[in-house]
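Thanks for making the time this morning; I would like to take you through one structure, beginning with an interface and ending with a single residue. Please have a look at it before I go on.

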Amino acid sequence: MKIENTKAQMRKGVLEYCILSILKNGEAYPSEIIEKLKAGKLIVVEGTLYPLLTRLKNAGLLSYRWEESKSGPPRKYYQLTEIGTEFLKELETTWNDLVKAVKITSK
Amino acid sequence: MNQTVTINISGIVFHIDVDAYEELKKYLSKIKSYFKNSEECEEIMMDIEARIAELFSEKISSNNQVIQSKDVEEVIGVMGKPEQYIDEDEEDLEKERKSSHQKHYSSEKKLFRDPDDRMIGGVAAGLAAYIGIESLWLRLFFVVALFIGFGFLLYIILWIVMAEAKTASDKLHMKGEPVNIDNIGRTFKDEADKVSDNFKKHGQQYGKKAESAIESFFNFIGQILNGVFKVLGKVFGVIFLLVGTFMLIGLLSMLIGSETVFSITSDGVFSIPSTEFFNLIFISENQFHMAIIGAAITIGLPIAMLIYAGANLLYKIKTHTGVSIGLFILWVIGIFLCAMIGIRMGTELSYNERDSEIGTSKTIINEDKEDFHLSIATENVPGEGILEDKYFTISLDEDSIYFNDIQVRVYESKSDSFEIEIEKDVAGYSKKDVNSKLNQMNYNYSINNDSILLGNYISTLRKNKIRGQEINVKLYLPIGKSIYLDKSLKHAINNIANVTDTWDSEMLGKRWVMLEDGLTCLDCDEIEGITTIQLDSIRTQMPIEIE
């Protein structure tokens, strides 16, 4: 059992939750999401985000639209779908339960 | 300084150092192999490439146009190596990576269609990159092949068989590495591995290709048609724009710009002071203005639409449906306005009946006379001419309008006496209106012994307007009596029936006698079938037999 693997496993679940939370306040494009995630030290490299976003989108939790950019290729602006919002609500309760569980058990 | 290569990432062109290019290519291959087994591979690659392009764009400045190795390293640092990615099936991918590692690290050339350098489908450019020559030569080859006959089919087949290079890693593969001894050696080794691999895949792939074959073919046809339509569209755009602008200028200058209306008559082009003229036609000034507005809208809007359509064909313009609906409604209003005025004018002119005693006067002329002389005054019509034509003149003075519409006809008299009947004609909206207008129409003629001098104009008050006023002069000539038609009647006589069917203009300056068959010429030399007849002989032995 490697410590790195366990850490990664833990971060992975939280990461999805965090991405959905960021989009709760409105649409954003990957670079904006990355900035927030970097600030929270959740990810180190940007490459991590793209497959995650694609999978969340294909699962129907996110949708996106194209927007032209002055300084590069067109950008994908992601936003939550209805399913995504529902999904996020459930994750929120689960997260709160988990935090409680950790608090209780680690006392 | 190092050599540079031009690459296209996510639609943006970069100049990149050869070393940096190699590095980037390796990096992209690595990522691709990492996601190779996931369905979203292509989409993820495109997203990552878009981000890389964005990061490169930030690195480029006016004094640094070329992407260097350190830039690529930095970008890789930001994006992270696949090993650093957090992913679900960590262990599965680990295995995957090991097996695909070798294959994807090598960067042998692959045959792709080049979407960045294409004329039609990018086949020639892709082939050129694969073979390593200028695409121009291959294009020439295809053009020549087209004339020989197999070019079209060959191109279509290649189009179907070759996949389009969609991602940057595809494009890097398409361009491949410079050929050297090292690479050739490796290619042989890889080739052996690939052959067995390809056999496995072929079954599936051919199905897909056949499906997209039809699609590709229609794409191709579509592209050609699209090109043709685009050119035609531009040509029509220019034509529409020119014609529309020309017509609009014409319309505007007619409605607003000029003070005159041009009338093309048999005598040439005449200009008429427009307000004066139209005031004599329209019932009121208001109606006149409404007619102008109506005409401007009804004719002007379609012209404006023509111009718009032309502009739209040349440069795409966005339209709001609200605006077009509004314009359409305006147009309908314009038509409605014109129709209203049309109907109003129609009723204004609809009535032609009058009391029989009004407008017709009959004079019986001295019964003794045998010969008559008919002429029409040649004096100038009073007033200032607003419409002057050989056959039709309208002129004005302070309170009257003058017309010269006088029609002369000769009929056989039913009695023994020579009668002259003057019939006035005018249009109006009611019997009363017609009668009052008839009463205000003045026409003069004089009879002096056996010669009749007709007036050459009708006069009426301005308020009666131009309403088709005319005078019909009917002469009833008893059998056996004759009349001389003076040359001055040139524009007045109207289809006078005669036995020889002589034309009006030929009848002038001659003496005509009324026989039972009709008017017969007396001093015509040898008109077909008729000899010169003496007046006396006719009186005694009539009618003459024609051989």
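How many salt bridges does the rule find across the interface of chain B and chain A? Keeping in mind that this is a predicted model, the rule finds five of them between these two chains, and the one I would point you to joins the side chains of Glu43(B) and Lys76(A), with a distance of 3.5 Å from N to O.

On the chain B side, α2 (41-59), α3 (69-79) and α4 (90-105) each supply at least two of the residues that touch chain A, and the largest share, nine residues, comes from α2(B). If we sort the residues on this side of chain B by character, ten are nonpolar, six are polar and nine are charged.

As for the overall extent of the interface, 25 residues of chain B are in contact with 30 residues of chain A, and the area buried between the two chains is about 2200 Å², with carbon and sulfur atoms giving 54% of that area. Polar contacts also appear here, and the count, with both residues at pLDDT 80 or more, is eight residue pairs.

Let me now turn to the single residue, Asn494(B), which lies in the loop between β18 (482-485) and α14 (504-507) of chain B. Is Asn494(B) buried or exposed? Asn494(B) counts as buried because its relative accessibility is 18%, which falls under the 20% cut-off. Leaving aside residues up to four places away in sequence, Asn494(B) touches Gln407(B), Val408(B), Arg409(B) and Asp504(B).

How values were computed: Residues numbered from 1 in each chain as written. Chains lettered and ligands numbered in written order. Predicted model: local features only at pLDDT ≥ 70, side-chain atom pairs only at ≥ 80, totals over all residues. Heavy atoms only, no water. Contact = heavy atoms within 4.5 Å. Buried area = accessible area lost by both parts, 1.4 Å probe. Salt bridge = Lys/Arg side-chain N within 4 Å of Asp/Glu carboxyl O. Polar contact = N/O pair within 3.5 Å; in protein donor to acceptor, adjacent residues only side chain to side chain. Helix = DSSP H or I, 4+ residues; strand = E, 2+ residues; numbered from the N terminus. Nonpolar A, V, L, I, M, F, W, Y, C, P; charged D, E, K, R; others polar. Buried < 20%, exposed > 50% of the residue type's maximum accessible area, 1.4 Å probe, protein only.
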